2 protein chains.
Amino acid sequence: MSLKLFELVGTDEARPFSPFCWRTRMALAHKGLSAESIPWRFTEKHAIAPHRSEKVPVLLDGETAVVDSWTIANYLEDNYPDRPSLFGGEGGRAMGRMMNWWGDVTVVGGMFPLIVADIPGHLHPVDAVYFRTSREARLGKPLEETVAGREKSVEGFRRSLDPMRLTLRTQPYLGGDAPNYADYIVFGGFQWARAISPFKLLAENDPVYAWREKLLDAFDGMARKSPGYPV
Amino acid sequence: MSLKLFELVGTDEARPFSPFCWRTRMALAHKGLSAESIPWRFTEKHAIAPHRSEKVPVLLDGETAVVDSWTIANYLEDNYPDRPSLFGGEGGRAMGRMMNWWGDVTVVGGMFPLIVADIPGHLHPVDAVYFRTSREARLGKPLEETVAGREKSVEGFRRSLDPMRLTLRTQPYLGGDAPNYADYIVFGGFQWARAISPFKLLAENDPVYAWREKLLDAFDGMARKSPGYPV
């Protein structure tokens, strides 16, 4: 068994920051698997082109390349079935698909306009130019203008987490008594933000904050040990 | 086995319209169970008080009263384990808790300001007064003012369904290849709207529209046979 994971980094090779790569990192840890990290930067398309991908994460399992965090989660579940389950059955896998989209749209999509301007400072110049140009084209305005007023606009983001917050009233994790892939989907977003932005996404008295603390401590503090700002 | 279900109705006893009762109705059908319907109206608190509830659905299973649609779904899953599963395993049950809150907050909560003014017309005068008074106190404005401009504000509601819409790209139901309780959570909201409002919540070219059509046809068209407006 030889696993390798292409992970997005910037100037600091030891500071992976993609929300999607973090989903995979947590999933690997959940399965008790370790993967050698291959640092990858935005403009290194050539490095993953042979694996038919333009984005990370890309997981290499021996000769097999698996692309996209959701596909990787399913691959791990199917190919390492004797290890702890990521989905807790087929119902969890099916609902996990929607949790994944909720994580993409509401969590990652909601964080993006709050923290995006903090990203270029963590990138090498060539990547910073690529990032700024491509994202500003998508946003139709400068990154700095996008995050302006975030002390106020964060309130809408926090409110958008209500379905999760309400769930945590009666169970410690989205996965139930213990975390599963549903938790890693959301946590990946927070770990992305923590790596590249000092902005406080959550209030300290928020149940989601307490939940994040527990995931930072999971797997011997794997996520907390990774470089990041205080949250 | 003798099941009875208190269901919210208005002037038409045969037109149950609570989103939460519809979740239970669909869950019962999924389990292959039938329940005698006990029509219940907003102001008939006395009828369910002995079952320690102020709201419906209330399910009576012999001597046992079960209150709240989520609790009922879990009760059915645990007490009728040999019937088709509502959650598809413990992971689905755990994630279902969040799907249920998403259904409450985003789906039912999103529909409410679009259709609420259409409800009193379906109620007996005493219930209509109760409904208008309690809801206008909550909203801080008249029902009619709440729904004003809904042709425009429906766009935000439609957009809020994106995580579901994107999920339906790769699987026919939130539950996977076949519907499960995750689908009934959302469908309950649509069946509520259909029963009491002529307002078009979905565009016909929306994948969510096609999904709703299939659920209207499920269980021999149980939901479609229930009185409602064209959708």
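Tutor: Let's start with one term: two residues are in contact when heavy atoms of theirs lie within 4.5 Å. Keep in mind that this is a predicted model.

Student: Okay, let's try it on a helix. Which elements of chain B do the buried residues of helix 3 pack against?

Tutor: There are several partners, all in chain B: helix 1 (19-30), strand 3 (58-61), strand 4 (64-67), helix 4 (90-115) and helix 9 (181-196).

Student: And which residues of helix 3 of chain B are buried?

Tutor: A residue is called buried when its relative accessible area is under 20%. In helix 3 of chain B that goes for B:S69, B:W70, B:I72, B:A73, B:N74, B:Y75, B:L76 and B:E77.

Student: Why is helix 3 of chain B described as largely enclosed?

Tutor: Just look at the count: eight of its 11 residues (the helix spans 69-79) are buried, so the rest of the structure largely encloses it. Have a look at the start of this helix too, where a side-chain oxygen of B:D68 comes to within 3.1 Å of the backbone nitrogen of B:W70.

Student: Now the two chains. What turn lays chain A on chain B?

Tutor: In general, a rotation about an axis plus a shift along it relates two copies of a chain. Here the turn is 180° with a shift of 0.0 Å along the axis, and the RMSD is 0.0 Å. The two copies are therefore related as by a two-fold rotation axis.

Student: Which residue of chain A comes closest to that axis?

Tutor: That's A:G92, whose C-alpha is 1.9 Å from the rotation axis. Both copies use the same surface, too: 100% of the contact residues of chain A recur in chain B.

Student: How much area do chain A and chain B bury between them?

Tutor: People often give the size of an interface as the accessible area lost when the parts come together. For chains A and B that's about 2200 Å², with 74% of it on carbon and sulfur atoms. On the chain A side, A:M95, A:M98 and A:W101 lose the most area, together 33% of what that side buries.

Student: How many residue pairs are in polar contact between chain A and chain B?

Tutor: Six. Salt bridges across this interface, on the other hand, come to zero by the rule.

Student: Which helix of chain A gives the most to the side that touches chain B?

Tutor: Helix 4 of chain A does, with 13 residues. Sorted by class, that side of chain A has 13 nonpolar, 12 polar and two charged residues.

Note on methods
Residues are numbered from 1 along each chain as its sequence is written. Chains are lettered from A and ligands numbered from 1 in the order in which they are written. This is a predicted model: local features need pLDDT of at least 70, side-chain atom pairs count only at pLDDT 80 or more; totals for chains, interfaces and linings use all residues. Side-chain values use heavy atoms; hydrogens and water are left out. Copies are superposed by least squares on the C-alpha atoms of residues with pLDDT of at least 70 in both. Buried area is the accessible area (1.4 Å probe) that two parts lose on being put together, summed over both. A salt bridge is a side-chain nitrogen of Lys or Arg within 4 Å of a carboxyl oxygen of Asp or Glu. A polar contact is a pair of N or O atoms within 3.5 Å; within protein, one must be able to donate a hydrogen and the other to accept it, and residues adjacent in sequence count only if both atoms are side-chain atoms. Helices (H or I, at least four residues) and strands (E, at least two) are DSSP runs, numbered from the N terminus. Ala, Val, Leu, Ile, Met, Phe, Trp, Tyr, Cys and Pro count as nonpolar, Asp, Glu, Lys and Arg as charged, and the others, Gly among them, as polar. Buried means under 20% relative accessible area, exposed over 50%, partly exposed in between (1.4 Å probe, protein chains only).
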